[in-house]
Every structure is written in structure tokens, then in C-alpha cells.
Amino acid sequence: MEKTVTAAEIEEILVSMLNERQREVLMRFFRTGPGEYGEGDRFLGLYVPQTRAVLKEAKGRIALAEIEKLLHSRWHEVRLCGFLLLGEEMKRLVPKRGQSKDLRAKERKVIADLYLANATYAHNWDLVDLSAPHVLGTYLYYSNEDPTPILTRLAESDNLWEQRISIVSTLTFIRNKEYTPAVRMSQKLMNHPHHLMHKAIGWMLREIGKRDKETLLDFLENNYKDLPRTSLRYSIERFPEPERQYWLKRK
């Protein structure tokens, strides 16, 4: 039996790799200054593959209670490791092809509930983007419940990161060619004032268009007047240039 791993041990390993020069770069990139969206976030200066290497050694050997401790760390990369570990735990519980969605559903719910209870600790966009589809999105996709109430509650939160989770989680549905949750959240959130939400909406719409252009075109036709310009630009990135210009000029 493999030795279990604790949150303290993982944090110690990650802190030991602190890179002061890269730390300063990341703190600027993720806007951690006063009044910026990442204000107060503290970095070790690690590259994501470094964090994933530690994750690889820990997955399957750490209790959920210890993962939750990682989510509360003052260090961005330690929290990232915790959120990635939750994604690995959810992945382990996904039904295989032909199996009922009810299989291990209660275990998946425990992980999803833990994620939702700690969602505000994902307080930067990379933490959301690297976890939401793999934890909450996967849970909702394999659940028999309507995803709308949970996504709507997050969208109506006064916390930017919970709001971003509500739209980015729909990526799991999009990848499985189910577009309704993303369309609903895009419509609900497109008047949001923050550019990080405009980018997330545009990203989800672009992902829909990669799989079903007609669904994207229908959405644009019905919503382009209210859609933020950033969202529009992201959503039509893959269009031929004449078609891109058509939509940009209509805006």
C-alpha cells in the first residue's frame, strides 16, 4: 500500500521550488496589484508543469480533507495543485462507456460539493479555467439533475470567480456536443461589466462554433446587439476574414 500524502508535505515541496524572478513575472501577469482583479494573490513563481509533476506523485494518495487544506493555502500554486487534484478525483469516478450515470454518483457529489464550498479560493482566472470543467462541469454532465440551478446560482453570485465558474463549467457539455447550458449562461452573463467574463463567454461561444457553427450563428443573430465586443471577437476568431468583418461591422 502506497504511503499517503498530506497537504503540508505537498506545500513544502512546492515552496522549496520558489523562483523569485518568475514570481515577479506572474504577479504582474495575473494582476495582483492594489485594485486589480488578482489583488493580494501570492505566487511561488512555478510553471504549471512543475505543479503538475507534484500532482502526479500525489494523486490517489491524498484524502479529500487534505486537498481542502491545499485550497486554503496563501500560495497560488498550492491552491492550483489542490484544484487539479479535485479534477483527478472526479476523473477517477467518471462512468465508463456503457455504465450507468448513477454509478459512484454520491462520491462525485461529495467532490462537487467540496469544490463549490471552496469556489471563492479559485481567485484567479487560471484556477477557474483549469478546474471548473474537470470538477463541476464533469459532475453536472454525468448527473441526472438539471445543471441550470447550480450554474444560475453561481452566475448570480457577487463573486467574480464563482461567476466565471458558471460559464467555464459549461465547456464539458460543449465538448460532448450539448450546447444549451453554455447558451443559457452566455445570455445571462453577457451584460456583465468585467472583461474576464466577456473573454470567457467568447471562448465558450467559439468552442460551440468549432463543433456546430449553425448554433453559434443563431446565437449571434439573436444576441449580437447586446454581446460585448470582446465576446464577439473571441467567438468569431475562426471565421473567414470576410465573415468576421461582417459581424464586426454589424456590432
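Me: Where is S73 in this model?

Reply: S73 sits in the loop between α4 (64-71) and α5 (76-92). Bear in mind that this is a predicted model.

Me: What makes S73 count as buried?

Reply: The relative accessible area of S73 is 9%. Buried means under 20%, so S73 with its 9% is called buried.

Me: What does S73 touch, and which backbone nitrogen lies 3.0 Å from a polar atom of its side chain?

Reply: Not counting residues up to four places away in sequence, S73 touches E11, V78 and R79. The backbone nitrogen is that of W75, 3.0 Å from a polar atom of the S73 side chain. There is also a link back along the chain: A7 is 66 residues apart from S73, and their C-alpha atoms are separated by 9.4 Å.

Me: Why is E9 called partly exposed?

Reply: E9 has a relative accessibility of 31%. Partly exposed covers what is between 20% and 50%, so E9 at 31% gets that label. E9 lies in helix α1 (residues 7-16).

Me: What surrounds E9?

Reply: Leaving aside neighbours within four places in sequence, E9 is in contact with K3 and T4. A polar atom of the E9 side chain lies 3.0 Å from the backbone nitrogen of T6. As for R21, 12 residues apart from E9 along the chain, the two C-alpha atoms are separated by 24 Å.

Me: How do you know whether Q163 is buried or exposed?

Reply: Its relative accessible area is 9%. The cut-off for buried is under 20%, so Q163 is buried. This residue belongs to helix α10 (residues 160-168).

Me: What makes the link between the side chains of Q163 and H192 a polar contact?

Reply: The distance is 2.6 Å. A polar contact needs a pair of N or O atoms within 3.5 Å, one able to donate a hydrogen and the other to accept it, and the side chains of Q163 and H192 make such a contact. The Q163 side chain also reaches the backbone oxygen of S157 at 2.5 Å. Beyond four places in sequence, Q163 is in contact with L154, A155, S157, D158, L189, H192 and M197.

Me: Which residues of α9 are buried, and what do they pack against?

Reply: In helix α9 (residues 148-155), the buried ones are I150, L151, T152, L154 and A155. The buried residues of α9 pack against α6 (105-117), α8 (133-142), α10 and α12 (180-189).

Me: Which residues touch the most other members of the largest nonpolar core?

Reply: They are I10, L85, L136, I167 and L220, in a core of 75 residues. Take L136: not counting residues up to four places away, its contacts are Y115, L116, S131, I150, L154, I165 and S169.

Me: Why are α14 and α16 called roughly parallel?

Reply: The axes of helix α14 (residues 213-223) and helix α16 (residues 241-250) cross at roughly 20° and come within 12 Å. Angles under 35 degrees count as roughly parallel, so that term fits α14 and α16. Their contact is made by K213, L217, L220 and E221 of α14 with E243, W247 and R250 of α16. The crossing is left-handed.

Me: What makes α12 roughly antiparallel to α13?

Reply: The axes of α12 and helix α13 (residues 195-211) cross at roughly 150° and come within 10 Å. The term is used for angles over 145 degrees, so α12 is roughly antiparallel to α13. A182, V183, S186 and L189 of α12 meet M197, I201, L205 and I208 of α13. This crossing, too, is left-handed.

Me: What is phi in R31, and where is this residue found?

Reply: R31 has a positive phi of about 50° although it is not a glycine. Most residues other than glycine have a negative phi. R31 is found in the loop between α2 (20-29) and α3 (48-58).

Me: Why does K177 count as exposed, while R31 counts as partly exposed?

Reply: K177 has 62% relative accessibility, and exposed means over 50%, so K177 is exposed. R31 is at 38%, between 20% and 50%, so R31 is partly exposed. K177 is placed in the loop between α11 (171-175) and α12, and its phi is positive as well, near 65°.

Notes: Residues numbered from 1 in each chain as written. Predicted model: local features only at pLDDT ≥ 70, side-chain atom pairs only at ≥ 80, totals over all residues. Heavy atoms only, no water. Core = buried A, V, L, I, M, F, W, Y, C linked by side-chain atoms within 4.5 Å. Buried < 20%, exposed > 50% of the residue type's maximum accessible area, 1.4 Å probe, protein only. Contact = heavy atoms within 4.5 Å. Helix = DSSP H or I, 4+ residues; strand = E, 2+ residues; numbered from the N terminus. Axes fitted to C-alpha atoms, helices over the stretch in contact; angles between N-to-C directions. Parallel < 35°, antiparallel > 145°, perpendicular 65-115°, else oblique. Left-handed = near helix turned anticlockwise from the far one by under 90°.
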